[in-house]
Amino acid sequence: MARYLTGVQSSGVPHLGNILGAIQPSIQFSQEAANDCIYFIADYHSLTTIKSAEERRHNVHATAATWLAFGFDYNKNILFRQSDVKKVLELTWILSCFTPYPMLANAHSFKDKSERLSDVNAGLFIYPVLMAADILLYDTEFVPVGKDQIQHIEIARDIATAFNRHYETDALVLPQAALQKENMTVPGTDGAKMSKSYGNYIDIFAEEKKLRKNIMGIKTDSTRMEDPKDPSNDNVFKIYQLLASKEENEELAKLYKGGNFGYGQAKKILFDKSMELFGTARSRYTELMEKPNEIEDILKAGAIRAEQKADEVLSRVKTLVGF
Ligand code: ADP
Ligand code: TRP
């Protein structure tokens, strides 16, 4: 069995970029019989940015509902909430004492914000150590993540190596990133990388009218309706490309190049495709969000199973350290 683990922060409702770039590929790994997957909602991590209790609780449920709506099998695998297994905090402290300061000072998550140090809290600085603890606490071999998270996996490896070397042991398993073959970056409604923080995301779980408005709001250029258009230069097409089949893409490209075809029509095609593709997930998501107790039960049961695995690794580490 190969152990896979990944986390998604509860810092918002997962958007199209998170779903195509992280959630769906991770679910594919979990469908292989030989893979044993532990996926969790990183609510401790989300505290580095989000302080509202209400927002956090809503986002935890929204993130869990997304995994479930897209068919994550939580019986074969494990789905849990990070803060339900507190052992991760104990391991974070132990690992932090094996983490050289410059390693954290060089992490993108900190460096990108280090020009305004007064905005950086200590949690954000130590964020990669908590992530290393998430990974190392479960003897993780593979971590499905996007490109932006690779440095964090390398940090987890380096911390594990330092610990193992110090105690002349192989107590901590060295993890590696499991990247998708075609590591995609989903563009947002303005053409930049789709992200919660840029406000350019498509919320595929929004009610129909809102989703339509969201898609209709995608930025396009001012080529006139009757003129031919270049699909490779257009955001609507770029997003459609990620959702549709090769034949459907070719068909739409033809319409673009033929002229007398407006961006409004292209957006309508993208909207219809989204409804067709995500219809089932949308209804499952809405149903689940109306049953928060059901989500809680699934997360709690997952945490009990995760805790058993965490116990084994933490005991190993504590014995070595002398606690
Ligand atoms: P955001 O930028 O919206 O805050 P996160 O940083 O929380 O997203 O990312 C959560 C996961 O989703 C990560 O694994 C990340 O690689 C993936 N992801 C986020 N945005 C995109 C995107 N636009 N395209 C592809 N994957 C994405
Ligand atoms: N830092 C990751 C992100 O922002 C989320 C995360 C937390 C994570 N702990 C993890 C991902 C452990 C993989 C493994 O996307």
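These are legends for a set of close-up views of a predicted model.

**View 1. The largest pocket and the residues at its centre.** Start with the open space: the largest pocket holds about 1,500 Å³. Its lining counts 45 residues, and the ones closest to the pocket centre are Gln9, Tyr127, Asp148, Gln149 and Lys193. Which elements supply at least two residues each to this lining? They are the strands β1 (2-9), β2 and β4 (142-144), along with the helices α1 (16-30), α6 (108-111), α7 (122-136) and α8 (150-166). Sorted by class, the lining of the largest pocket comes out as 22 polar, 16 nonpolar and seven charged residues.

**View 2. The second largest cavity.** Now for enclosed space: the structure has two cavities of 30 Å³ or more. The second largest cavity holds about 40 Å³. Around the second largest cavity sit Leu16, Ile202, Ile204, Ile215, Ile239, Leu243, Leu270, Ser274 and Phe278. Two elements give two or more residues to that lining, α10 (235-243) and α12 (263-289). Helix α12 is the top contributor, with three residues. What classes make up the lining of this cavity? Eight of the residues are nonpolar and one is polar, with no charged residues in the set.

**View 3. Tyr39 against Phe72, a stacked pair.** The structure has 18 aromatic pairs, and this view picks out one of them, Tyr39 with Phe72. Their ring centres are 4.9 Å apart and the planes differ by 20°, which makes the pair stacked. Tyr39 belongs to strand β2 (residues 35-42), while Phe72 comes from the loop between α3 (53-69) and β3 (78-81), so the contact ties together parts 33 residues apart in sequence. Are these two residues buried or exposed? Both Tyr39 and Phe72 are buried.

**View 4. Phe163 and Tyr167, a tilted pair.** Here the ring centres of Phe163 and Tyr167 are 4.9 Å apart, and the planes meet at 50°, so this pair counts as tilted. The two partners have their own surroundings: Phe163 is buried, with a relative accessible area of 0%, whereas Tyr167 is partly exposed at 23%.

**View 5. A ring cluster, and a lysine over a tyrosine.** Phe70, Phe205, Phe278 and Tyr285 are joined into a cluster by ring pairs. Look for Phe278 in View 2 as well, where it is one of the residues lining the second largest cavity. For a charge over a ring, turn to Lys229, which lies over the face of Tyr263 at 5.5 Å from the ring centre.

**View 6. Glu307 to Lys87, a salt bridge across the sequence.** Of salt bridges, the structure has 17. In this one, the side chains of Glu307 and Lys87 meet with an N to O distance of 2.5 Å. How many residues apart are the two partners? Glu307 is in helix α13 (residues 292-321) and Lys87 in helix α4 (residues 87-96), 220 residues apart, so the pair links distant parts of the chain. Glu307 has a relative accessible area of 25% and is partly exposed. Lys87 has 19% relative accessibility and therefore counts as buried, the cut-off being under 20%.

**View 7. Two salt bridges within helices.** In helix α9 (residues 208-216), Arg212 and Glu208 are four residues apart, about one turn of the helix. The closest N and O atoms of this salt bridge are 3.9 Å apart. Both ends are partly exposed: Arg212 has a relative accessible area of 33%, and Glu208 has 41%. Helix α12 has the other bridge, between Glu276 and Lys273, which are three residues apart and so separated by about one helical turn. The N to O distance between Glu276 and Lys273 is 3.1 Å. Which partner is buried and which is exposed? Glu276 counts as exposed at 56% relative accessibility, while Lys273 is buried at 7%.

**View 8. A salt-bridge network.** The last view goes beyond a single pair: Arg81, Asp84, Glu296 and Lys300 are linked in a network of salt bridges.

Note on methods
Residues are numbered from 1 along each chain as its sequence is written. Chains are lettered from A and ligands numbered from 1 in the order in which they are written. This is a predicted model: local features need pLDDT of at least 70, side-chain atom pairs count only at pLDDT 80 or more; totals for chains, interfaces and linings use all residues. Side-chain values use heavy atoms; hydrogens and water are left out. On a 1 Å grid over the protein atoms alone, a cavity is a set of points where a 1.4 Å probe fits but cannot get out, and a pocket is an open set with protein on both sides within 12 Å along at least five of seven lines; lining residues have an atom within 4 Å of a point. Grid points are joined across faces, edges and corners, and a volume is the space filled by probe spheres set on the points. Ala, Val, Leu, Ile, Met, Phe, Trp, Tyr, Cys and Pro count as nonpolar, Asp, Glu, Lys and Arg as charged, and the others, Gly among them, as polar. Rings of Phe, Tyr and Trp (its six-membered ring) pair if their centres lie within 6.5 Å; planes under 30 degrees apart count as stacked, over 60 as edge-to-face and the rest as tilted. Buried means under 20% relative accessible area, exposed over 50%, partly exposed in between (1.4 Å probe, protein chains only). A charge sits over a ring if NZ of Lys or CZ of Arg is within 6 Å of the ring centre and within 35 degrees of the ring normal. A salt bridge is a side-chain nitrogen of Lys or Arg within 4 Å of a carboxyl oxygen of Asp or Glu.
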